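Visitor: I'm new to this. Can you walk me through what I'm looking at?

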Amino acid sequence: MTMDEAAARFWTTVFGGITAVGLIAGGIYTVIEYESNRVAQARNMSLQLATAKSQAQQSLLSKQLELCLEISDAAATLAASTDERERKQASDTFTSVRRGAFAVVEGDAVLTAVTNFENCLEGKCAKDATVATLAPEIVTQCRIQANTWNVDLPRRNKR
């Protein structure tokens with residue numbers, strides 16, 4: 001069976017049109033997939049950055065809490081102990097922590113409490129202040145700073 005020239009042109013045009021529609025649809029699909037993947041990659045990158053930031057903050061907050069506990073313990077020992085060896089060890093710890101990593105992670109209020117305590121240790125106490133009254137202030141300021149981290153510390157028993 002043979003086709004006449006008009007029928008052949010008709011089918012050539014139809015198949016050419018179908019091919020063109022297929023190419024256009026494929027191109028549109030490719031663009032849509034590209035944009036979808038680009039948006040997904042951007043979202044994934046944003047999530048990775050947020051995760052990395054959170055991990056870095058968690059590490060810093062953990063170090064802050066560790067150093068606050070260490071300097072608070074040293075201050076409490078200096079304020080309460082009468083054992084000279086214990087006091088010397090606490091003084092060394094206090095000075096080491098204060099002059100070292102603590103300077104990187106301390107907040108302003110904690111810094112003030114630690115500085116006031118340190119000044120009082122050196123005999124430069126503010127009016128009505130003593131080492132015994134200033135040591136708990138370090139703990140208080142560390143707790144206040146920790147509360148800004150959204151960390152639930154246990155309630156403190158008042159004595």
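Guide: Start with one term. Buried means under 20% relative accessible area, exposed means over 50%, and partly exposed is in between, with a 1.4 Å probe and protein chains only. This is a predicted model, where local features need pLDDT of at least 70, side-chain atom pairs count only at pLDDT 80 or more, and totals for chains, interfaces and linings use all residues. Residues are numbered from 1 along each chain as its sequence is written, and side-chain values use heavy atoms, with hydrogens and water left out.

Visitor: OK. Is M3 buried or exposed?

Guide: M3 counts as exposed because its relative accessible area is 55%.

Visitor: And where does M3 lie?

Guide: In the segment before α1, which covers 5–80. Helices here are DSSP runs (H or I, at least four residues), strands are E runs of at least two, and both are numbered from the N terminus.

Visitor: Which residues form the nonpolar patch with M3?

Guide: F10, W11, F15 and I18 join M3 in that surface patch. Together they have about 570 Å² of accessible area. Such areas come from the Shrake-Rupley method with a 1.4 Å probe, and for residues only the protein chains shown count as cover.

Visitor: What makes a patch?

Guide: Its residues have over 30% relative accessible area and no salt bridge; like charges are joined within 9 Å, and nonpolar side chains (Val, Leu, Ile, Met, Phe, Trp, Tyr) within 5 Å.

Visitor: Salt bridge? How many does the structure hold?

Guide: Seven. A salt bridge is a side-chain nitrogen of Lys or Arg within 4 Å of a carboxyl oxygen of Asp or Glu.

Visitor: What does E5 pair with?

Guide: E5 forms a salt bridge with R9, and their closest N and O atoms are 2.1 Å apart. Both residues lie in α1, four residues apart, about one turn of the helix. Both are exposed, too.

Visitor: What about E66?

Guide: E66 meets K63 in a salt bridge, 3.3 Å from N to O. These two also lie in helix α1, three residues apart. E66 is partly exposed because its relative accessibility is 40%. K63 is partly exposed as well, at 33%.

Visitor: Now α2. What does D92 form a salt bridge with?

Guide: With K88, the closest N and O atoms being 2.9 Å apart. D92 and K88 are about one helical turn apart, because four residues separate them in helix α2. D92 is partly exposed at 39%, while K88 is exposed at 51%. Elsewhere, salt bridges that share partners join R98, R99 and E118 into one network.

Visitor: How do α1 and α2 cross?

Guide: Their axes come within 8 Å and cross at roughly 145°. Axes are lines fitted to C-alpha atoms, for helices over the stretch in contact, and angles run from 0 to 180 degrees between N-to-C directions. Residues making the contact include L67, I71 and L78 of α1 and A90, F94 and V97 of α2. Contact means heavy atoms within 4.5 Å.

Visitor: What sits in the loop between α1 and α2?

Guide: T82 is found there. T82 counts as exposed because its relative accessibility is 74%. T82 and Y29 are 53 residues apart in sequence and 80 Å apart in space, C-alpha to C-alpha.

Visitor: One last residue. Where is D128?

Guide: In the loop between α4 (108–121) and α5 (131–147). Its phi is near 60°, a positive value in a residue other than glycine. D128 is exposed, with a relative accessible area of 74%.
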